[in-house]
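Please work through the exercises below with the sequence and the structure open beside you. Each task is followed by a solution that proceeds step by step.

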Amino acid sequence: MVALALAPAFAPASAQRTFVIAFANLTEEPGVTLEGTGFTGREIRESVALAARGLPVEMVYYDNQRDDARALANAEAAIARKVDLYIQYHRGAANAAVGEKLRAAGVKVLAVNAPVPGAPLYTADNEAAGRLAGEALAQFAARAWRGQSQMAAAIVGPVSASAERVPERVQGVTRALGQRLPAVRVTVIDTKGNPAQVGPLAGKFIGAHPTGKLLLAATDDATALALKAAVEQAGRVQDAAIVSHGVDRSIHGGMNDRKEIDPANRASIVIGSVAFYLDRYGYDLLPLAMRMLRGDAVPARVTTRHLLVTAANVYVEYPPSDMN
Amino acid sequence: MKPRAIVAVGSALMVLAFGSAAFAQTDCKKLVPASPWGPNDQTGATNRITPAVTKAAAAEIRDGKVIAMSYPLTDGVPLFGSRFTKTILTAVSLAPGASFGENQLTYMEDTWLSQSHVGTHLDGMGHIGRQDCYYNQTPMGKYINQNNMTKLGLEHLKPFATRGVIIDMVKVYQQANKLKTNAACKKACIEKGTVITAADLQAGLRMYNVTLREGDIVIIHTGWGDLFEQFPAQNALYNSGEPGIGKEAATWLISQKVVAVGSDTWAVEVIPGEDPKEAFIVHNMLLTDNGIHIIENVRTDLMAAEAAASGRATFFFSMTVPKGVGMTGNFVGIEGIR
C-alpha cells in the first residue's frame with residue numbers, strides 16, 4: 001500500500017527484541033469519520049492491532065480525542081510508559097510540543113496525516129487520489145460516450161473541508177478532467193458536510209443539464225450513494241457515471257451486505273471509488289515504525305498508494321472474508 | 001467456508017462448461033502442485049488412511065466412551081454469506097383416513113433444502129481452488145456441469161477412520177498467560193484475529209505428550225465455538241472473524257502429513273487473515289495444494305474437557321461422509337471414541 005517499497009523482511013520474533021510502540025489515534029468517537037472518508041478511528045486502531053500480530057512489538061493505544069491537551073497528556077503517559085516509538089495522529093497546535101517532548105525523552109516519532117516537526121510523515125495523497133478519480137471518469141466517457149458532444153461534470157461533497165484536505169481531492173479531479181476533457185465544464189458543489197444536501201444540490205445540477213451526459217465525482221462514498229439516488233430520482237441513470245473516494249465498507253461490503261461495487265453489480269453507475277485504505281493504515285505504519293526502530297533511514301514523507309477500485313478488482317483489494 | 005468470490009468463480013465456471021474460454025487457458029501446472037499420489041489421484045490426504053493406520057487408531061478405543069463432536073444442524077445457526085439450510089416435514093399420512101392398511105401405518109419424511117457447507121461440515125477437494133485450478137492440477141472448468149463436478153467429488157474419499165488429536169489452544173494460551181478472550185463467550189475462548197502459530201500447536205501437543213503421526217486428524221479447540229452454541233444471539237459476532245491457524249502453522253501441519261484439520265470455527269484459519277489482500281489462504285494451502293481436508297464448526301469443547309480430565313488428547317476419529325457424487329463437501333457427524 002505504500003508508494004515506496006518497504007522491506008518487511010523481519011527475523012523471527014523469538015530472535016529479536018520486543019519494541020513498545022504507542023499509537024495515539026486522532027479520535028475514537030463513535031460515528032466520527034476521518035479524512036473526509038467513511039472510515040472511523042476505531043477501524044484505524046484495529047488495523048494497527050491486526051498488523052502488529054506478526055511483529056515483535058507490544059502496542060499501547062491512546063485516543064487524542066481531537067484535543068491538544070489530551071494529545072500532550074497522552075505523549076507524557078507514553079514517555080512514562082517508556083515506549084520506543086510514538087505514532088502521532090493528531091491535528092492541532094500540540095503536535096510541535098508533542099514532538100519536542102518525545103524527542104527529548106528519546107522516543108522516535110512517526111506522524112500520520114498531519115506533520116509533527118522533525119518526524120517522518122505518513123499521509124494520504126488527496127491530490128493524487130483526485131487525479132485517479134478524474135481520469136477514471138474521463139476514460140469512462142471516452143469509452144462509453146465517444147462522440148458525445150454534450151457533457152457536464154460536477155464534483156460533489158464537503159469540498160471546502162480543508163482540515164481533511166478535501167480541496168486537494170477536488171483539485172486533482174479538476175486537473176485530470178481539464179487535461180483529458182478540456183471542453184467539459186466542471187461545477188463544484190459544496191454540501192458542507194451535510195449528506196442531506198447532496199440530493200437537492202445534485203438535483204439542481206442534473207436539472208440544469210436536461211440533456212447530455214453527466215460525469216460526477218463524489219468526494220466520499222456516502223456522497224456517491226446519495227448522488228446515485230439523486231440521479232435515479234431524476235431518471236438519468238443512462239446519462240450518468242459516478243466515481244467516488246474512500247472505498248469504505250458501505251460501498252465494498254461484507255459477504256451479506258448489499259455492495260455497490262461488486263462483480264455482481266457491474267451495471268452500477270458508481271463505476272469506481274479511489275481507495276484510501278484507512279482500515280489498513282497499520283499495515284503501512286508498523287513496517288515504517290520498525291524501520292525507524294532499527295535505525296534505518298525512512299523518507300520524510302510516505303504516501304498511501306491510492307488505487308481505483310471497481311467491480312473488476314474489488315474482490316482482490318477487499319476480499320469479503322468475513323461471514324457477515 | 002465458501003466466499004462469494006468463489007461463488008462468482010463458480011458461476012464463471014458454469015459458463016465455461018458451455019464453451020467460454022475465460023479460464024480455459026489457465027495452466028494449472030503453474031498454479032497448483034501435483035499430487036504425490038499420481039496424476040489420477042482424486043482422493044487426496046485420505047490416501048494416508050491405510051489399514052495399518054486405522055488399526056493403530058483403533059487402539060485409542062479403551063473405554064468405549066463416545067464423545068459428540070458435531071453441532072446440531074438447525075435453523076438459526078451461523079451460516080456463511082447467503083447459505084441456507086431448511087427442513088420441510090412431510091406428514092400427510094397423519095391426516096384422518098390417510099393411514100395405510102388395517103395396521104393403520106403412517107409415515108413421515110423430510111425435504112432437506114440445504115447447501116452443503118453448513119453446520120459441522122467437511123470441505124472436499126472441489127471446494128477451493130486458484131482460478132479454475134483445483135487439487136492435483138485439475139482444470140475444473142472441464143469437469144463441472146449444472147449439477148455437480150465430474151472430478152474430485154466426495155465419492156473418491158476413503159473413510160476417515162483414523163486417530164484424532166485434540167489440541168486445546170485455550171489451555172495453551174491460559175498457561176502461557178496470553179489468553180485474550182471475548183466477553184461474549186460464556187466459557188473461555190480465544191479472541192478473533194488471534195494467529196495460532198506452529199509453536200502454539202506444538203505446545204498443545206507437548207501438554208499431552210503427543211507426537212503427530214502420518215494420517216492423523218488434528219482438531220483445534222479455540223473456544224470460539226461457544227458463540228456458535230449461542231445461536232442465533234451471537235451469530236454476527238461468530239461470523240465477524242475467528243481465531244485460527246496462520247500460514248506458518250498450516251505449513252507445519254502439512255509437513256506432519258495429516259489428513260484433515262478441524263476447529264470450532266467457521267474457517268479453521270485466522271480471520272481477519274494475516275495479509276488483508278489474501279482470501280482464505282490457508283484453505284488454498286491445505287486443500288488446493290495438499291489435499292488436506294478442512295472440517296469446520298466442529299464441537300470441540302467436550303473432547304477438550306475429556307482430554308483435560310483424562311490427560312489423554314487422542315481418540316478414534318469416527319466421521320461419516322456421504323458418498324455425495326460430485327459434491328464439494330457436506331455436513332458430517334463426528335464422534336470421538338475413547
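**Exercise 1.** Find which residues A:Ala176 is in contact with, leaving aside its neighbours within four places in sequence, and decide whether A:Ala176 is buried or exposed.

*Solution.* The model is a predicted one, and the reasoning here rests on its coordinates. Once the neighbours within four places in sequence are set aside, the contacts of A:Ala176 are A:Arg131, A:Gly134, A:Glu135 and A:Ala138. The next step is to place the residue, and A:Ala176 turns out to belong to helix 5 of chain A, which spans residues 166–180. For the burial, one counts C-beta neighbours inside 10 Å; A:Ala176 has 21 of them, and the cut-off for a buried residue is 20 or more, so A:Ala176 counts as buried. As a distance check, A:Ala154 lies 22 residues away from A:Ala176 along the chain, and their C-alpha atoms are separated by 13 Å.

**Exercise 2.** Work out which residues of strand 3 of chain A are buried on each side, and how the strand pairs with strand 1 and strand 4 of chain A.

*Solution.* Begin with the general rule that in a regular strand the side chains alternate between the two faces of the sheet. In strand 3 of chain A (residues 85–88), A:Leu85 and A:Ile87 are on one side while A:Tyr86 and A:Gln88 are on the other, and since all of these are buried, both faces are covered. Turning to the pairing, strand 1 of chain A (residues 19–25) runs parallel to strand 3 of chain A, with four bridges between them, and A:Gln88 is the bridge partner of A:Ala24. Strand 4 of chain A (residues 108–112) also pairs with strand 3 of chain A in the parallel sense, over four bridges, and here the partner of A:Gln88 is A:Ala111. Between strand 3 and strand 4 of chain A the chain passes through helix 3 (residues 94–104), and this β-α-β crossover is right-handed.

**Exercise 3.** State which residues are buried in helix 5 of chain B and in helix 8 of chain B, and where around each helix they lie.

*Solution.* In helix 5 of chain B (residues 198–207), the buried residues are B:Asp200, B:Leu201 and B:Gly204. Viewed down the axis of helix 5 of chain B, these fall within an arc of 100°, and therefore line one face of the helix. The general reason is that an α-helix has 3.6 residues a turn, so residues three or four places apart point the same way. The cover over this face includes strand 7, helix 4, strand 8 and helix 8 of chain B.

In helix 8 of chain B, B:Lys247, B:Ala249, B:Ala250 and B:Leu253 are buried. Their arc around the axis is only 160°, which puts them on the same side of helix 8 of chain B. They pack against several elements of chain B, including helix 5, strand 9 and helix 9. Each helix is followed by a residue with positive phi: B:Asn209 after helix 5 of chain B, near 55°, and B:Lys257 just after helix 8 of chain B, about 60°.

**Exercise 4.** Determine how many residues of chain A are in contact with chain B, and which classes they belong to.

*Solution.* The contact involves 17 residues of chain A and 23 residues of chain B. On the side of chain A that touches chain B, the residues divide into nine nonpolar, four polar and four charged.

Conventions. Residues are numbered from 1 along each chain as its sequence is written. Chains are lettered from A and ligands numbered from 1 in the order in which they are written. This is a predicted model: local features need pLDDT of at least 70, side-chain atom pairs count only at pLDDT 80 or more; totals for chains, interfaces and linings use all residues. A residue is buried if 20 or more other C-beta atoms lie within 10 Å of its own, exposed if 12 or fewer, and partly exposed in between; C-beta atoms are placed from the backbone. Helices (H or I, at least four residues) and strands (E, at least two) are DSSP runs, numbered from the N terminus. The arc is that of the directions from the helix axis to the C-beta atoms. Two residues are in contact if their C-beta atoms, placed from the backbone, lie within 7 Å. Ala, Val, Leu, Ile, Met, Phe, Trp, Tyr, Cys and Pro count as nonpolar, Asp, Glu, Lys and Arg as charged, and the others, Gly among them, as polar. Two strands pair if DSSP finds at least two bridges between them. A crossover is right-handed if, with the strands pointing away from the viewer, the path from the first strand over the helix to the second runs clockwise.
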